[in-house]
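Please look over the sequence and the model below before reading on. The paragraphs that follow go through a few parts of it in turn.

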Amino acid sequence: MVALHRHLESRRTDGKTTTAVNLAASLAHDRHHTTLLVDCDLKRPSIADIFGIEPAYGVDDVLRGDARVDQCLHHPRASSAWW
Ligand SMILES: Nc1ncnc2c1ncn2[C@@H]1O[C@H](COP(=O)(O)OP(=O)(O)O)[C@@H](O)[C@H]1O
Ligand SMILES: [Mg+2]
């Protein structure tokens, strides 16, 4: 998925986020996979909005050493936007 996203990242609004969210939902729901969806769009992050969450930390904070990974995790079932 990371490779697909990088390949498509040259244009905005071509459906990268929508594809990633729907793929993650399919993997988590249909195949009962434990699925981690990470928004690595540091310029225009949007996945938190889709799930209706306001994260205190993001992947950039983890990369800088300002937050731990577990401080960034949100369980989607706690969101009204999931399902
Ligand atoms: N297959 C699709 N059909 C119709 N609208 C779509 C489709 N995929 C994405 N969109 C809409 O296009 C807009 C941009 O999609 P998004 O996934 O945020 O693009 P990106 O992440 O590539 O910038 C959103 O409003 C989204 O709802
Ligand atoms: Mg996007």
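Is Asp66 buried, partly exposed or exposed? The model is a predicted one, and in it Asp66 has a relative accessibility of 48%, so this residue counts as partly exposed. The limit for exposed is over 50%.

The side chain of Asp66 forms a salt bridge with that of Arg64, with 3.2 Å from N to O. Through salt bridges with shared partners, Asp60, Asp61, Arg64 and Asp66 belong to one network. One of the links in this network is the salt bridge between Asp60 and Arg64, where the N to O distance is 3.9 Å. Both Asp60 and Arg64 are part of helix α4, which covers residues 59-64. They are 4 residues apart, or about one turn of the helix. Arg64 counts as exposed because its relative accessibility is 54%, whereas Asp60, with a relative accessible area of 28%, is partly exposed.

In total, the structure has 5 salt bridges. Another of them pairs Lys16 with Asp14, and here the closest N and O atoms are 3.2 Å apart. The side chains of Lys16 and Asp14 are also joined by a polar contact of 3.2 Å. Lys16 is located in helix α2. Is Lys16 buried or exposed? Its relative accessible area is 12%, so Lys16 is buried; the limit for buried is under 20%. Its partner Asp14 is partly exposed, at 30% relative accessibility.

Asp14 and Lys16 also belong to the surroundings of ligand 1, together with Arg12, Thr13, Gly15, Thr17 and Thr18. By class, this shell contains 4 polar and 3 charged residues, and no nonpolar ones. Which atoms approach the ligand? In the side chain of Asp14, an N or O atom is 2.7 Å from an oxygen atom of ligand 1. For Thr17, a polar side-chain atom is found 2.8 Å from a ligand oxygen. Gly15 contributes a polar backbone atom, 3.1 Å from an oxygen atom of ligand 1. The protein buries 42% of the 560 Å² that ligand 1 exposes when taken alone.

A last stop is a nonpolar patch on the surface. Leu36, Val38, Val69 and Leu73 make up this patch, which has an area of about 380 Å². Val38, one of these residues, sits in the loop that runs between α2 (16-30) and α3 (47-51). With a relative accessible area of 42%, Val38 is partly exposed. A patch residue needs over 30% relative accessible area, so Val38 passes that cut-off at 42%.

Notes: Residues are numbered from 1 along each chain as its sequence is written. Chains are lettered from A and ligands numbered from 1 in the order in which they are written. This is a predicted model: local features need pLDDT of at least 70, side-chain atom pairs count only at pLDDT 80 or more; totals for chains, interfaces and linings use all residues. Side-chain values use heavy atoms; hydrogens and water are left out. A residue is near a molecule or strand if one of its heavy atoms lies within 4 Å of it. A polar contact is a pair of N or O atoms within 3.5 Å; within protein, one must be able to donate a hydrogen and the other to accept it, and residues adjacent in sequence count only if both atoms are side-chain atoms. Accessible areas come from the Shrake-Rupley method with a 1.4 Å probe; for residues, only the protein chains shown count as cover. Ala, Val, Leu, Ile, Met, Phe, Trp, Tyr, Cys and Pro count as nonpolar, Asp, Glu, Lys and Arg as charged, and the others, Gly among them, as polar. Patches are made of residues with over 30% relative accessible area and no salt bridge: like charges are joined within 9 Å, nonpolar side chains (Val, Leu, Ile, Met, Phe, Trp, Tyr) within 5 Å. A salt bridge is a side-chain nitrogen of Lys or Arg within 4 Å of a carboxyl oxygen of Asp or Glu. Helices (H or I, at least four residues) and strands (E, at least two) are DSSP runs, numbered from the N terminus. Buried means under 20% relative accessible area, exposed over 50%, partly exposed in between (1.4 Å probe, protein chains only).
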